[in-house]
Amino acid sequence: MAEGDNRTTNLLAAEAASLEEQLQGWGEVMLMADKVLRWERAWFPPAIMGVVSLVFLTIYYLDPSVLSGVSCFVMFLCLADYLVPILAPRIFGSNKWTTEQRQRFHGICSNLVKTRRRAVGWWKRLFALKEEKPKTYFMTMIISLAAVAWVGQQVHNLFLSHLKSKTFLLLLPGLNQHGIISKYIGMAKRERNKLLKQREKKNE
């Protein structure tokens, strides 16, 4: 058991080190983004919401075709991949990092590796469910996809994308960092326990 844990830890460390090398040119940008997503200043949450809303309003106003939108998005990624490693050191200053910055960058890369491993783990579990319980797998997939299709038919696609990107992708780290998610999960659990106790008393 201990050997397995050590092996997993070593693999995580190796993957994190490899990712650090690959993202070294993006280091300053990632550190700044981490500060923003974790709400280190009070005005970061409204700034996130404002920027995301502005981007989606621009997309709504321009109303590009799917091909144009995908092409512009990929072009933006290519430009960022080329320009960020060149401009970031000039914008953010010194090329030498402090120990705190290196530790923070290492923590970001470790979290990205863990997130990727969780996603792969969930994907493998899904296929394991397909092999072990095919009926449950197909019923779950059909009901879930039908529900998503119904929601997509009722609500505008761009508005849904806006909500998903703003709420789940950009605000989630800050909500988690400040304990807001755990607070409301705890409240929900307490309410559930109260309801269960009330049912038990009625049954008695």
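Is Asp63 buried or exposed in this predicted model? At 61% relative accessibility, Asp63 counts as exposed, because the cut-off for that word is over 50% relative accessible area. Asp63 lies in the loop between α3 and α4, and although Asp63 is not a glycine, its phi is positive, at about 50 degrees. Trp39 also has a positive phi, of about 60 degrees, without being a glycine, and Trp39 is found in the loop between α2 (27–37) and α3 (44–62). Trp39, however, is buried, since its relative accessible area is 14%.

From these loops we can turn to the helix called α5, which runs over residues 99–132. Helix α5 has 34 residues and reaches 49 Å from its first C-alpha to its last, which is close to the 50 Å expected at 1.5 Å a residue. Within α5, the residues Phe105, Ile108, Cys109, Ser110 and Val113 are buried. When reading such a list, it helps to recall that an α-helix has 3.6 residues a turn, so residues three or four places apart point the same way. One of the buried residues, Cys109, is 88 residues from Glu21 in sequence, yet the two are 9.9 Å apart in space, C-alpha to C-alpha. Glu21 belongs to helix α1 (residues 2–22) and, with 64% relative accessibility, counts as exposed.

Helix α5 also takes part in contacts between charged side chains. Side chains of opposite charge can pair when their charged atoms come close. The structure holds 6 salt bridges, and in one of them the side chains of Arg116 and Glu15 meet at 3.3 Å, N to O. Because Arg116 lies in helix α5 and Glu15 in helix α1, this pair ties together parts that are 101 residues apart in sequence. Arg116 is partly exposed at a relative accessible area of 44%, and Glu15 is partly exposed at 25%.

A further salt bridge joins Arg38 to Asp34, with the closest N and O atoms 2.9 Å apart; here Asp34 is buried, at 12% relative accessible area, whereas Arg38 counts as partly exposed at 26%. Arg104 forms a salt bridge with Glu40, and the closest N and O atoms of that pair are 2.1 Å apart. Since Arg104 lies in helix α5 and Glu40 in the loop between α2 and α3, the pair ties together parts that are 64 residues apart in sequence. Through salt bridges that share partners, Asp34, Arg38, Glu40 and Arg104 are joined into one network.

Aromatic rings offer another kind of contact, and the structure holds 4 aromatic pairs. In one of them, the rings of Trp97 and Phe105 have centres 5.2 Å apart and planes at 85 degrees, so the pair is edge-to-face. Both partners count as buried, Trp97 at 13% relative accessibility and Phe105 at 2%. Tyr137 and Phe138 also form an edge-to-face pair, with 5.0 Å from centre to centre and 75 degrees between the planes; Tyr137 counts as buried at 12% relative accessibility, while Phe138 counts as partly exposed at 45%. A ring can have a charged neighbour too, as where Arg125 lies over the face of Trp122, at 4.9 Å from the ring centre.

The last stop is the surface, where a nonpolar patch of about 870 Å² is made by nine residues, among them Met32, Tyr82, Leu87 and Phe92. Helix α4 (residues 66–92) gives the largest share of this patch, 8 residues. Leu87 has its place in helix α4 and counts as partly exposed, at 37% relative accessibility.

Note on methods:
Residues are numbered from 1 along each chain as its sequence is written. This is a predicted model: local features need pLDDT of at least 70, side-chain atom pairs count only at pLDDT 80 or more; totals for chains, interfaces and linings use all residues. Side-chain values use heavy atoms; hydrogens and water are left out. Patches are made of residues with over 30% relative accessible area and no salt bridge: like charges are joined within 9 Å, nonpolar side chains (Val, Leu, Ile, Met, Phe, Trp, Tyr) within 5 Å. Accessible areas come from the Shrake-Rupley method with a 1.4 Å probe; for residues, only the protein chains shown count as cover. A salt bridge is a side-chain nitrogen of Lys or Arg within 4 Å of a carboxyl oxygen of Asp or Glu. Helices (H or I, at least four residues) and strands (E, at least two) are DSSP runs, numbered from the N terminus. Buried means under 20% relative accessible area, exposed over 50%, partly exposed in between (1.4 Å probe, protein chains only). Rings of Phe, Tyr and Trp (its six-membered ring) pair if their centres lie within 6.5 Å; planes under 30 degrees apart count as stacked, over 60 as edge-to-face and the rest as tilted. A charge sits over a ring if NZ of Lys or CZ of Arg is within 6 Å of the ring centre and within 35 degrees of the ring normal. The expected span of a helix is 1.5 Å times one less than its number of residues.
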